[in-house]
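Let's take a friendly walk through this structure together. Have the sequence and the 3D view ready as you read.

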Amino acid sequence: MSEQTIHVHAIVKGIVQGVGFRYYTQAKAQQLGVNGTVANRYDGTVECELEGPAYAVNAMVEWLHDGPSSATVTGLHTNEREVQGLRGFEITG
């Protein structure tokens, strides 16, 4: 039985820069087996590209609602995108 691969783009708002958010996100993604990227944006948000088995990506999105204890997430916007075949999980900005 193979699990459907999905790709989700996420923007996380709140106190999410300068608190280790990207590093915790990378560690959680690697733990769950999610591929993709995480980056700080100029507007103070964090942007994530998440790709992998649906159950793992959905678990990652649920985690992003709260993030690490050092962060204060006030909003999360997600939308599904076309699968890109990403490998690994990198901090890109």
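**Starting from histidine 7**

Leaving aside its neighbours within four places in sequence, histidine 7 is in contact with Glu49, Leu50, Glu51, Asn79, Glu80, Arg81, Glu82, Val83, Gln84 and Leu86. Please keep in mind that you are looking at a predicted model. Histidine 7 belongs to strand β1. Is this residue, histidine 7, buried or exposed? Its relative accessibility is 0%, so histidine 7 counts as buried. One of its contacts is worth a second look: the side chains of histidine 7 and glutamate 49 are joined by a polar contact of 2.5 Å.

Let's follow glutamate 49 a little further. Glutamate 49 also forms a salt bridge with arginine 81, and the closest N and O atoms are 3.4 Å apart. This pair links distant parts of the chain, as glutamate 49 sits in strand β3 (residues 46-53) and arginine 81 in strand β4 (residues 72-81), 32 residues apart. The two partners can be told apart by their surroundings: glutamate 49 has a relative accessibility of 14% and therefore counts as buried, while arginine 81, with a relative accessible area of 38%, is partly exposed.

How many salt bridges does a search of the whole structure find? The search finds two. Besides the pair you have just met, the side chains of arginine 41 and aspartate 43 meet in a salt bridge, at 3.1 Å from N to O. Arginine 41 has 30% relative accessibility, so it counts as partly exposed. As background, side chains of opposite charge can pair when their charged atoms come close.

Now step back to see the sheet. Five strands make up an open sheet in the order β4-β1-β3-β2-β5, and their pairing is mixed. Strands β4 and β5 (89-91) stand at the edges; each has a single partner strand, so one side of each is left without a neighbour in the sheet. From one strand to the next, the twist averages 15°. At the β5 edge, strand β2 (residues 35-40) and β5 pair in the parallel sense over three bridges. Look for valine 38 here: its bridge partner in β5 is isoleucine 91.

Finally, turn to the helices. Helix α1 (residues 21-32) lies across β1 (5-15), β2, β3, β4 and β5, and runs at about 175° to β5. Helix α2 (residues 54-64) packs on the sheet as well, where it touches β1, β3 and β4, and its direction makes about 155° with that of β3.

Technical notes:
Residues are numbered from 1 along each chain as its sequence is written. This is a predicted model: local features need pLDDT of at least 70, side-chain atom pairs count only at pLDDT 80 or more; totals for chains, interfaces and linings use all residues. Side-chain values use heavy atoms; hydrogens and water are left out. A salt bridge is a side-chain nitrogen of Lys or Arg within 4 Å of a carboxyl oxygen of Asp or Glu. Buried means under 20% relative accessible area, exposed over 50%, partly exposed in between (1.4 Å probe, protein chains only). Helices (H or I, at least four residues) and strands (E, at least two) are DSSP runs, numbered from the N terminus. Two strands pair if DSSP finds at least two bridges between them. Axes are lines fitted to C-alpha atoms, for helices over the stretch in contact, and angles run from 0 to 180 degrees between N-to-C directions. Contact means heavy atoms within 4.5 Å. A polar contact is a pair of N or O atoms within 3.5 Å; within protein, one must be able to donate a hydrogen and the other to accept it, and residues adjacent in sequence count only if both atoms are side-chain atoms.
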